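Me: I would like to go through some of the terms used for this structure and ask what each one rests on.

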Amino acid sequence: MYDVAIIGGGVVGASIARELSKYHGKIVLIEKERDVSLGATKANSGIVHGVYATEYGTLKGRLAAKGSPMFQQLNKELNFGYRKTGSLVVGFNEADHRKIQKLYYNGKKYGENDQDLQLIGAETINKLEPHINGDVKMALHSKNVGVASPYEMTIALMENALANGVKVFFGQEINKIYRRENDFKIQGENQTFEAKYIVNAAGLYSDRVARMAGIEDYEIIPRRGQYILFGKDQGHLVNRVIFQVPNEKGKGILVTTTFHGNFMIGPNAEEVNDRADVSTTKESLKYIIQNARRSISDFKLNRAITTYSGIRASVKEKDFIIEGDRVKGMINLIGIDSPGLTAAPAIGEMVREMLKERGLILNKKTEFQPYRAPLFHKKEEDFEGSTDHQEPEKKVICRCETVTEEEITESFRRGLPVESIQAVKFRTRAGMGQCQGAYCRSRVKEIIRREQGGYKENIPMTSHREEPKVHKVDIKKIRKMDV
Ligand SMILES: Cc1cc2nc3c(=O)[nH]c(=O)nc-3n(C[C@H](O)[C@H](O)[C@H](O)COP(=O)(O)OP(=O)(O)OC[C@H]3O[C@@H](n4cnc5c(N)ncnc54)[C@H](O)[C@@H]3O)c2cc1C
């Protein structure tokens with residue numbers, strides 16, 4: 001019998017698990033995939049948003065405002081990768097100017113000061129961003145915006161939660177929930193769990209999980225966003241996250257570098273019927289390129305390395321829904337779309353309080369260990385070049401990202417199962433570079449087979465209800481596009 005069963009191992013579920021691991025109690029996190037972070041959390045912009053961006057008075061605004069300043073300390077403890085970069089929301093005309101002013105006043109309502117949030121003109125913009133498109137006339141400059149590595153954050157949260165006593169089960173898609181007199185029976189793929197409380201953090205599928213407990217009226221509206229990722233050699237084109245003014249579909253197309261320094265453009269926002277369809281399409285990518293060029297015009301399409309998409313778990317209410325009184329003992333997190341990554345640390349604390357108010361006894365552990373050591377070793381210059389004649393522990397496996405064999409095997413010793421090339425990739429960056437794994441894939445596979453006693457072809461992105469669809473536009477076609 002667990003005290004709390006968390007359903008869903010995205011950044012939200014992992015934040016809750018790590019928060020609860022600070023207290024005595026039996027906590028379990030149950031995930032349908034074979035790793036954490038394979039839902040919306042692995043495919044987003046990775047921006048730790050400024051408060052100005054989310055409407056004042058909303059729950060998502062309140063949680064993002066609380067969550068964003070927590071990243072610095074969290075990253076010190078967990079070493080997942082976070083950097084404050086600042087952002088610009090750029091405008092081209094009078095209509096944009098009005099929208100930018102609205103954002104500025106929205107930020108002011110949250111208490112942003114004049115140092116951190118400023119309206120600036122073309123001259124200042126050019127100094128901050130020398131590659132900005134000459135058509136940009138004004139901008140809102142926020143210093144309180146950063147970039148994080150969302151999947152590494154989730155892995156780090158979960159590794160730390162595990163180290164502090166949380167249990168995790170992968171490959172267990174919850175398909176039935178029985179409410180008993182004082183607790184729940186939860187049916188997974190081939191295992192049954194019993195828990196006094198359930199936290200439904202199932203993201204895109206949270207409405208379906210709620211339905212299993214008898215709550216019929218939540219409805220997720222899946223909204224896909226597509227991206228193009230470029231090599232690090234394009235990263236110098238932009239210093240901050242560059243947004244355009246928001247439109248009715250969301251924050252618009254942004255241009256940024258990722259935490260690891262890759263140039264990135266996207267996402268659009270398109271409603272999709274199929275929650276498992278994370279394909280990319282030529283039309284949407286063309287739209288993204290055209291709009292990104294309005295901010296930074298001179299990026300090189302022939303340096304594009306891959307495309308991907310993620311699906312937002314939106315709701316018609318356009319706000320997070322976090323409720324704990326529909327079914328006694330069950331907390332539902334519905335509609336956690338953007339800025340859910342930014343808000344996640346604050347959501348962890350909010351859910352802890354909700355559980356406490358509903359009777360969960362929370363006594364702090366004196367032995368709680370907040371620190372999680374970084375996985376990345378310092379990359380020394382002499383690691384570069386040929387992989388021949390090197391000591392085994394320093395053998396470079398991924399040449400593009402300079403990932404050593406030692407780093408890969410270290411990722412196996414962190415508590416979470418690492419069974420596929422994808423799991424290694426999200427932990428070490430092997431396969432994330434310009435050649436996208438063409439060089440290292442077979443080597444990584446061999447190391448997994450040798451060290452883990454077996455290898456799984458790929459993490460199955462399957463569900464009882466939907467098979468995944470990942471039809472990506474051929475990157476060669478993107479490189480040749482005349483846009
Ligand atoms: C295109 C895009 C861009 C975004 N950009 C940003 C951004 O820049 N900044 C920001 O703050 N936020 C951003 N977001 C939002 C952010 O990514 C999400 O709010 C966040 O990742 C949600 O995390 P989650 O844990 O709720 O969901 P998920 O990451 O989807 O996790 C839910 C988990 O539940 C599991 N699951 C589902 N059903 C079951 C079941 N029946 N049994 C067991 N497990 C189950 C899934 O496999 C999944 O792992 C963006 C989102 C998208 C899609």
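**Helix packing, domains and backbone**

Reply: In this predicted model, helix 3 (residues 71-78) and helix 6 (residues 150-163) have axes that come within 10 Å and cross at roughly 60 degrees.

Me: What makes helix 3 oblique to helix 6?

Reply: Angles from 65 to 115 degrees count as roughly perpendicular and those under 35 as roughly parallel. The axes cross at roughly 60 degrees, which falls in neither range, so helix 3 is oblique to helix 6. The crossing of helix 3 past helix 6 is left-handed.

Me: Which residues make the contact between helix 3 and helix 6?

Reply: Helix 3 supplies Phe-71, Leu-74 and Leu-78, and helix 6 supplies Met-153, Ala-156, Leu-157 and Asn-160. Contact here means heavy atoms within 4.5 Å.

Me: How do you know how many residues of that contact are nonpolar, polar or charged?

Reply: Phe, Leu, Met and Ala are on the nonpolar list, whereas Asn is not on the nonpolar or the charged list and therefore counts as polar. The contact of helix 3 with helix 6 thus has six nonpolar residues, one polar and no charged.

Me: Where are the domains in the chain?

Reply: Domain 1 covers 84-145 + 224-312, and domain 2 covers 381-413 + 420-452. Their C-alpha centres are 32 Å apart. Eight residues from domain 1 and six residues from domain 2 take part in the contact.

Me: What area do domain 1 and domain 2 bury between them?

Reply: The two bury about 540 Å², with 41% of it on carbon and sulfur atoms. That figure is summed over both domains, because buried area is the accessible area that two parts lose on being put together. On the domain 1 side, Lys-232, His-260 and Ile-305 lose the most area to domain 2, together 64% of what that side buries.

Me: Which peptide bonds are cis?

Reply: One joins Gly-266 and Pro-267, with omega about -15 degrees. Pro-267 sits in the loop between strand 16 (263-266) and strand 17 (270-271). Another joins Ser-338 and Pro-339, with omega about 5 degrees. Pro-339 is in the loop between strand 20 (330-334) and helix 9 (340-357).

Me: Why is a cis bond or a positive phi pointed out?

Reply: Because most peptide bonds are trans, and most residues other than glycine have a negative phi. Asn-79 has a phi near 55 degrees, a positive value in a residue other than glycine. Asn-79 lies in the loop between helix 3 and strand 4 (82-84).

How values were computed:
Residues are numbered from 1 along each chain as its sequence is written. This is a predicted model: local features need pLDDT of at least 70, side-chain atom pairs count only at pLDDT 80 or more; totals for chains, interfaces and linings use all residues. Side-chain values use heavy atoms; hydrogens and water are left out. Axes are lines fitted to C-alpha atoms, for helices over the stretch in contact, and angles run from 0 to 180 degrees between N-to-C directions. Helices (H or I, at least four residues) and strands (E, at least two) are DSSP runs, numbered from the N terminus. Angles under 35 degrees count as roughly parallel, over 145 as roughly antiparallel, 65 to 115 as roughly perpendicular and the rest as oblique. A crossing is left-handed if the near helix is turned anticlockwise from the far one by less than a right angle, and right-handed if clockwise. Domain bounds come from an automatic or database domain assignment. Buried area is the accessible area (1.4 Å probe) that two parts lose on being put together, summed over both.
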